[in-house]
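Reader: I have a model in front of me and want the reasoning behind the labels put on it. Please take me through them.

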Amino acid sequence: MAVAAPCLPCAGRTKAWQIALCGTRTRLHGDDATAQFIRFVTVGVLTTVVYFGVFLALRPLGQQPANLVGAVLSSMLANELHRRLTFHAGQRVGWLAAQVEGGGLAAAGLLATGTALAVLDGSLGSAWWADLLLIAGVTGAVGLARFAALRFWVFPGHPHPSPVGSA
């Protein structure tokens, strides 16, 4: 595995923690599957927090409407963050294409979470935390398939220019 040249802010660092931090930063900006997966999970956690917030705020209106609004809003945010950050596709894939193709994948997740909520509604009771655990489990499982689909279909890998400030 080739190691990228250190970025300019990292040049001349001598302390072990500085070197490790700069090396990690350089690796995470890469286009390899590991770097993309780490960014994918980070975006996923962030947008899941947004989803949970919307879901909990709208839960008094019912599980299904709260699930729908939370999924749509968090999916739109996730699609844009994946386009720009996870897959560095901001210059080669437009916003609308990312929303349509990524949204189709998100619809599968919405269908899965909606079905799980409906099927397990009676057994979960009215505990909000049980709903969140169920949604997190289903979303995590769907997320793995979504990563592969986004990586190979929606945002196929093309190298991106080096980050600003790299040597």
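Reader: What area does the chain expose, and what share of it do carbon and sulfur atoms supply?

Author: The chain exposes about 9,500 Å², and carbon and sulfur atoms supply 74% of it. Accessible areas come from the Shrake-Rupley method with a 1.4 Å probe; for residues, only the protein chains shown count as cover. This is a predicted model, in which local features need pLDDT of at least 70, side-chain atom pairs count only at pLDDT 80 or more, and totals for chains, interfaces and linings use all residues. Residues are numbered from 1 along each chain as its sequence is written, and side-chain values use heavy atoms, with hydrogens and water left out.

Reader: How do you know what confidence the predictor has in the chain?

Author: From pLDDT, the predictor's confidence in each residue, from 0 to 100. Its mean over the chain is 80, and 74% of the residues reach 70 or more. Over residues 160-167 the pLDDT is below 50; beyond near neighbours in sequence, that stretch has 13 contacts in the model (contact means heavy atoms within 4.5 Å).

Reader: What makes the pattern along the sequence α-α-α-α-α-α?

Author: The chain has six helices and zero strands. Helices (H or I, at least four residues) and strands (E, at least two) are DSSP runs, numbered from the N terminus.

Reader: Why is Arg-83 called buried?

Author: Buried means under 20% relative accessible area, exposed over 50%, partly exposed in between (1.4 Å probe, protein chains only). Arg-83, in helix H3, has 7%, so it is buried. Leaving aside neighbours within four places in sequence, its contacts include His-88, Trp-95 and Phe-155.

Reader: What makes the link between Arg-83 and Glu-80 a polar contact?

Author: A polar contact is a pair of N or O atoms within 3.5 Å; within protein, one must be able to donate a hydrogen and the other to accept it, and residues adjacent in sequence count only if both atoms are side-chain atoms. The side chains of Arg-83 and Glu-80 are joined at 2.9 Å. The Arg-83 side chain also reaches the backbone oxygen of Val-93, at 2.7 Å.

Reader: Why is Leu-68 called partly exposed?

Author: Leu-68 lies in helix H3. Its relative accessible area is 43%, so it falls between the two cut-offs and is partly exposed.

Reader: Is Gly-143 buried or exposed, and why?

Author: Gly-143 sits in helix H6 (residues 128-154). Its relative accessibility is 13%, so Gly-143 counts as buried. Its C-alpha atom is 8.6 Å from that of Val-41, 102 residues apart along the chain.
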